Structure formats: structure tokens, C-alpha cells
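Reader: I am new to this structure and would love a close look at one part of it, the salt bridges and what surrounds them. Could you walk me through that slowly?

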Amino acid sequence: MLEIRNLHVSIEDKKILNGLNLTVHDGEVAAIMGPNGSGKSTLSYVIAGKEDYEILDGEILLDGENVLEMEPDARAAAGIFLAFQYPLEIPGVATMTFLKAAMQAQRKARGEVELSTAEFMKRVRDGANQLGIPQDMLKRGLNVGFSGGEKKRMEILQMALLEPKFCILDETDSGLDIDALKVVSEGVNRLRGKDRSFLVITHYQRLLNYIVPDTVHVMAHGQVVKSGGKELALELEANGYADYKTLAA
Amino acid sequence: MSDVTPMRTPAESALIAAFPAARKNLPGNSTVIAMRESAFNRFEAKGLPHRRVEEYKYTDLRAAVREALPLAAAPDAKTLASLAGVTDPFAALDADRILIVDGHFVASQSASVIAGVTIHDLGEALSSGQGIEALGTIAKADDAALALNAAFMQGGVVIAIAKNAKPAKPLYVRCVVTGTAPHAVYPRVLISIGEGADVTLIETQQGPDGVAYQVNGVVEIKAGAHSKVQHVRLNAQGNAAIDMSTLGTDLGEHVEFKSLNFVTRPALSRHQVFARFSGEHIKFDVSGAALLKDKQHADSTLYVDHAMPHGESRELFKHVLDGESTGVFQGKIVVQPIAQKTDGRMMSQAILLSDNATMNNKPELEIFADDVACGHGATCGALDEDLLFYLRARGLPKPEAEALMLAAFVGEALEKIENDTVRDVLEAETQNWLLARAVK
């Protein structure tokens with residue numbers, strides 16, 4: 001599904017990723033854990049195509065195609081989805097309008113026919129119901145005045161509607177209480193399948209009780225320094241990151 | 001130091017030379033002639049305002065108005081027939097329509113019988129003196145554009161809305177400029193709104209592309225106590241036109257007044273609002289949106305005089321500037337010593353889409369009362385890159401993502417419009433502008 005080879009990235013002359021390698025297979029849920037400043041969010045932005053970063057070396061291949069050559073919207077149409085750590089508020093753009101624009105733009109980019117309004121409405125309604133998102137929230141400006149939990153639910157709704165094949169969850173658990181964490185995790189788990197992979201970025205093992213990963217990778221100093229099964233997360237929870245902070249230096 | 005008499009520009013000299021003949025031919029009884037002469041003298045003393053005149057610092061009329069154009073004649077049958085080929089931006093609006101062509105009221109194509117509303121030809125009223133007692137007393141300022149209109153006004157319409165009248169449909173004043181030869185047009189609209197009346201006024205100013213005509217229009221609105229007024233103005237003048245406009249308001253107690261001006265087309269425009277609060281507990285809301293490209297220039301200038309207590313004013317102006325365009329916002333709110341409990345908020349926001357676009361923001365507050373809440377803000381910047389990335393990460397190509405953000409930016413002003421059809425028309429105008437930009 002996704003293969004990252006020897007990725008070197010800097011921002012404003014500060015090196016963030018130092019030869020990162022990572023492979024996520026079809027249907028795999030890979031967790032990335034690591035201390036603050038290890039480059040986790042940078043990795044998610046670079047995969048999604050944020051322009052602030054300078055790619056010094058390396059490749060990111062989605063099903064064999066190098067996405068680094070693609071614009072962010074082309075990456076989205078190719079199946080990459082980033083659930084933001086801090087979803088942005090867009091005053092004046094009704095959530096419904098935004099969802100429709102995004103879905104139709106991706107279908108258009110892939111050469112698919114546009115959804116009928118009825119079909120679009122049905123999908124949004126069903127998706128919102130599953131995540132406990134009230135209908136009137138869909139009429140409000142995107143994320144405007146939403147609580148932290150509501151914003152994260154809205155990210156998962158977008159993910160469900162856009163049907164990406166590679167989903168990045170950037171600290172989706174931050175700012176969530178236990179109930180919201182369950183709703184969001186269930187939303188993610190419903191989307192798991194053999195043709196869809198996930199990269200779950202988190203500080204804490206807690207999220208991984210709900211979204212159980214197939215693999216866990218530890219990031220430090222802009223590299224993956226250790227990989228293992230889900231038990232690696234428990235080990236980190238018990239011992240902290242101290243061992244890894246020095247490992248790559 | 002001796003007074004310096006500036007050199008007259010050719011346009012100023014021609015305007016001055018044209019006045020004696022114009023005064024004879026333009027309608028007006030002796031009172032109106034005196035008004036024309038007094039206004040003309042004010043203009044003649046100072047000439048066209050230029051960048052060293054504070055109010056026109058960013059809109060230099062002396063430089064922009066290169067020639068004095070001949071006054072447009074009253075439309076003949078052929079001119080009126082040609083209007084069939086001119087699209088009415090508000091064709092879909094169910095309204096009582098009033099047509100003004102080349103500065104002259106066209107009775108044959110205007111509504112005649114509306115319950116609670118009387119409509120008269122201003123040209124006739126200037127001659128008879130009937131029903132124009134308020135003329136020139138509402139829009140009052142030491143201003144060159146206003147003075148020129150008072151000197152040269154050809155005609156227009158006088159609208160009176162009866163006490164407690166609530167016309168079922170909006171009143172729609174459509175001003176059209178015709179012809180392929182450039183002319184000067186000076187229309188004036190005088191509106192009096194009775195106590196407790198509730199009315200929606202729509203105004204379109206339109207004319208042909210590619211013709212460097214000049215329009216200098218004035219709308220005066222006197223609103224009686226407890227009346228409710230919504231005024232929406234669409235500036236759809238041609239792409240080579242210069243459009244000067246003045247809105248003067250005199251508001252009574254407990255009046256709710258809203259006005260919005262929307263500009264996308266003319267080469268140069270200035271819309272100035274002079275508002276006077278003559279009663280307590282007035283709610284005043286004036287806004288504007290301009291989407292400009294190439295070398296277009298649009299100026300919004302406000303003077304809001306809180307002369308009575310408990311007044312509320314809201315001002316929101318949006319500029320979207322592409323190419324080498326220039327936006328101007330000048331807003332002055334004055335709170336007189338008596339005007340305690342005034343609540344004023346003024347905001348001007350601009351998005352610059354090009355390195356060569358310019359925005360001039362000049363908000364001013366002059367507060368002479370001590371128990372007031374007044375604030376102003378002015379922002380100027382590019383589209384938010386983080387928001388843009390968020391939208392693109394969801395699959396929206398850059399032009400569509402930008403268009404969505406810009407429509408939302410302008411939409412904040414447009415959502416003040418209560419009439420759905422009117423708002424739809426201006427949203428469609430916005431979309432057309434954004435679409436044209438996206439395919440560029």
C-alpha cells in the first residue's frame with residue numbers, strides 16, 4: 001500500500017525527518033508512537049502534501065506511485081486522507097456544502113460520475129447518524145464553534161464519506177474524553193478492511209486499546225527506530241520513551 | 001502665504017464652461033436654480049478633489065476624470081427599444097419596478113400604482129417644486145461629487161412611502177446608461193419613508209462595457225420613526241465606466257436601516273455614505289463587497305454621525321483584490337457629546353490575491369461621549385494557507401478551494417440581505433467572478 005524510502009525533510013532549514021523508512025501493507029493498521037518533536041506530525045503533513053516542507057531526499061510510494069510529485073488534491077483523489085490533529089474552522093462554508101464539494105471533486109478527478117443529490121444526502125445522513133453527529137451541525141460553518149470531540153467526529157465522517165484507501169490519523173485522541181474516544185474509534189474500526197490501511201499517530205497507548213494496531217513503530221529524531229507488534233505499545237506505556245531518545249542520536 | 005490657485009485641468013475647465021448652458025436647459029424652478037448655482041460655486045471654488053484632499057486621498061478624481069463629457073439626453077423611443085437587449089440582473093426578482101434611463105425617469109416602464117407608495121418624476125418635480133422640500137437636505141456634506149450632482153442633476157425619481165405602509169414587493173430602481181458614445185449622467189433619487197413603514201429598496205446601476213461614461217448619482221433617504229428599511233445596491237456599470245455615488249440618510253428614532261453596496265465591474269467607483277442619526281435607538285447597518293481585478297479601483301467611504309443617544313451602527317466591508325486593482329475603505333464614525341450609549345462596530349477586511357493589488361484602509365473614530373462602546377478593525381492579507389491546505393487535502397483543486405474560501409469571505413456581508421432572490425443574484429455575481437478567475 002504505502003512505502004516510504006529514505007525520507008529526508010526539513011522546514012526552514014531545520015531537519016525534521018532523517019532517512020525515514022516505513023512500509024504499511026494492504027489492510028494493515030500501523031501505529032506510530034514517539035515523543036514530542038520526533039517528527040510524527042511532519043510525517044503526516046508530508047504524506048498529505050503540505051507545501052511548507054522541503055523534501056531533501058527519498059520517496060513516498062502509494063501502490064507504487066510516487067506521491068511526492070502530486071498536488072495535495074491529487075493525493076486526496078488517489079486515496080490519501082489525513083485526519084487533522086487540529087481540524088480547521090472555515091466560517092461561512094456550510095459543512096454540507098464542503099462535504100459535497102470534496103466528494104464531487106474527488107469523483108471528478110478519478111473520472112467517476114457525480115453523486116446524485118439524493119444519494120449524497122443519504123450517505124451523509126447515514127454517516128452522521130453512525131457517529132452521533134446531529135443534522136443541524138451539518139448546516140453550520142465547517143467546524144465553527146464545534147467542540148474538540150465534534151471536530152474529530154467530523155474528521156471521521158469525512159473519512160467515511162471520501163472512502164480513502166490510506167488514512168492517517170494524526171493524534172486523533174488528543175482532546176477527546178473517553179466517550180468521544182469510543183465513538184471515534186468505533187467509526188475508524190468500521191472502516192477497516194483488506195483494501196484500506198491506516199497510519200495511527202499517537203503519544204499514548206490508550207487509543208490503541210480501541211483501535212488495535214497490527215504493527216507499532218517508534219519514531220525518534222526523524223526516523224523509525226523500532227518496529228514490532230501491538231505489545232510494543234504496552235512496553236512503551238510502561239517504560240516511556242527515554243530509551244529511544246538517545247538511540248538514533 | 002498667499003492662497004494658491006491651482007491650475008484648472010481641462011476637465012475642470014470644461015465642466016465650468018458647460019454649467020451656464022446646462023443650468024438653462026436642466027429642469028428647475030427658481031429655488032432649484034439657486035441650489036444648482038450654490039452647489040456649482042462650491043465645486044468651482046475647489047475643483048475636482050485630488051490626493052491632497054484628505055477625503056479623496058486614495059481616489060484622485062482630478063487624475064481620474066480626464067474630460068468633461070456631454071450630458072446624456074433624455075431617452076427617445078429608439079433608445080428605450082434598445083433596452084430589450086440589456087439584461088436586468090434582477091430579472092428574476094418579483095418587484096415593483098422603476099426605470100431611470102440616462103438619468104431620466106421613464107414613466108412608461110415604471111410601476112404607477114402601488115399601495116402606500118407614490119412615485120413622481122424628479123425632473124417634473126424640480127420644475128414644479130412639488131414634493132422636493134427635502135431635496136439636498138438629507139445628503140449634506142462639503143463634497144465635490146455631491147456638489148456636481150446638485151449642479152447637474154437631470155432627473156430621477158421621488159418616492160414617498162406612506163406612514164405604516166408595508167409594500168408587498170421590493171421597490172426596484174433600475175438605472176441604465178445607454179449608447180456607445182460616452183456621456184455624463186447625474187441621476188438623483190429622493191425617498192421619504194413614513195413612520196412605521198417597512199420597505200425593501202433595490203438599486204441597480206448598469207451600462208455598456210467598453211464605453212468610458214461617467215455616472216454621478218445621489219440617493220437621499222429620509223426614514224421616519226420606527227420604520228424599517230433595507231437597501232441593496234448593485235453596481236453593474238460597464239468595465240470602462242467611472243461611477244461616483246452618494247447615499248445620504250436621515251434617520252428618525254427607532255429606525256432599522258440596512259444598506260449594502262456590491263461592486264465587481266466598473267473601472268473606477270466610489271460609493272460614499274453620509275448617515276445622520278436624528279433620533280434615539282437607531283439600528284444602522286451598512287456594508288459592502290467589492291471583487292476587483294486588472295486595474296479596477298473601488299472606494300467605500302462612510303461618514304456616520306451619531307448625533308443622538310442609544311444608536312447602534314454596524315459596518316462591514318469586504319474587498320477581494322486581484323491583478324493590479326485597488327481597494328479603498330474610509331470609515332469615520334463620529335459620536336457627539338450627547339450620543340451616550342452608542343454602540344458602534346466597524347470592520348474592513350481585504351484579501352489580496354496578487355502581489356500588485358493594493359488596499360487602503362482608513363478607519364476613524366471620533367468619540368466625544370464617555371459612555372459608549374465603539375470599535376473598529378481592519379485586516380488585509382492573503383488567503384490563509386493552512387485553510388487552503390485543509391481544503392486541498394480533502395480533494396478540492398486549488399482554484400476551487402480558493403473560490404470556496406472567497407465566496408465564504410464575501411458571503412459574510414451578503415448574508416445580511418434578507419430577500420432570498422436578491423441574495424441569490426449577488427451570490428451568483430460572486431460565483432461568476434470567481435469562475436472567471438479560476439479559468440484564467
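Author: Happy to. Let us start with D52(A), which has a relative accessibility of 44% and therefore counts as partly exposed. Please keep in mind that this is a predicted model. The side chain of D52(A) meets that of K50(A) in a salt bridge, with N and O 3.1 Å apart. K50(A) has a relative accessibility of 14%; because buried means under 20%, K50(A) counts as buried. This bridge thus joins a buried lysine to a partly exposed aspartate. In general, side chains of opposite charge can pair when their charged atoms come close.

What lies between K50(A) and D52(A) in the numbering? E51(A) belongs to a network of salt bridges that also links E71(A), D73(A) and R392(B). The network brings together residues of chain A and chain B.

Now step back along chain A. G49(A) follows helix α1(A) and has a positive phi, near 105°. The helix itself covers residues 40-48, and 8 of its 9 residues are buried. Among these buried residues are K40(A), L43(A), Y45(A), V46(A) and I47(A). Helix α1(A) lies across three strands of chain A, namely β1, β2 and β4, and runs at about 110° to β1(A).

Those strands belong to an open sheet of 4 strands, ordered β2-β1-β4-β5 in chain A, with antiparallel pairing. The edges are held by β2 (14-24) and β5 (65-66); each has a single partner strand, so one side of each is left without a neighbour in the sheet. As a rule, strands of a sheet pair through backbone hydrogen bonds, either parallel or antiparallel. Here β4(A), residues 54-62, pairs with β5(A) in the antiparallel sense over 2 bridges. If you want to find this pairing on screen, look for L62(A), which stands opposite E65(A) in β5(A).

Two further salt bridges of chain A are worth a visit. R110(A) and E112(A) join their side chains at 3.0 Å, N to O. R110(A) is partly exposed, with a relative accessible area of 35%, and E112(A) is partly exposed too, at 34%. K194(A) and D195(A) form another salt bridge, their closest N and O atoms being 3.5 Å apart. Both of these residues are exposed. Over all chains, the structure holds 41 salt bridges.

Let us return to chain B, which gave R392(B) to the network. R394(B) sits in the loop between α7 (385-392) and α8 (398-414) of chain B. Is R394(B) buried or exposed? It has a relative accessible area of 0% and is buried. Leaving aside neighbours within four places in sequence, R394(B) is in contact with residues of chain A, including F81(A), F84(A), F98(A), Q106(A), E155(A) and L162(A).

One last stop in chain B shows charged residues in a helix contact. Helices α1(B), residues 10-25, and α2(B), residues 30-46, pack at an angle of about 175° with axes 11 Å apart. Angles over 145 degrees count as roughly antiparallel, and that is why α1(B) is roughly antiparallel to α2(B). From α1(B) the contact is made by L15(B), I16(B), F19(B) and R23(B), and from α2(B) by residues including I33(B), R36(B), E37(B) and E44(B). By class, this contact has 6 nonpolar, no polar and 4 charged residues.

Conventions:
Residues are numbered from 1 along each chain as its sequence is written. Chains are lettered from A and ligands numbered from 1 in the order in which they are written. This is a predicted model: local features need pLDDT of at least 70, side-chain atom pairs count only at pLDDT 80 or more; totals for chains, interfaces and linings use all residues. Side-chain values use heavy atoms; hydrogens and water are left out. Axes are lines fitted to C-alpha atoms, for helices over the stretch in contact, and angles run from 0 to 180 degrees between N-to-C directions. Angles under 35 degrees count as roughly parallel, over 145 as roughly antiparallel, 65 to 115 as roughly perpendicular and the rest as oblique. Contact means heavy atoms within 4.5 Å. Ala, Val, Leu, Ile, Met, Phe, Trp, Tyr, Cys and Pro count as nonpolar, Asp, Glu, Lys and Arg as charged, and the others, Gly among them, as polar. A salt bridge is a side-chain nitrogen of Lys or Arg within 4 Å of a carboxyl oxygen of Asp or Glu. Buried means under 20% relative accessible area, exposed over 50%, partly exposed in between (1.4 Å probe, protein chains only). Two strands pair if DSSP finds at least two bridges between them.
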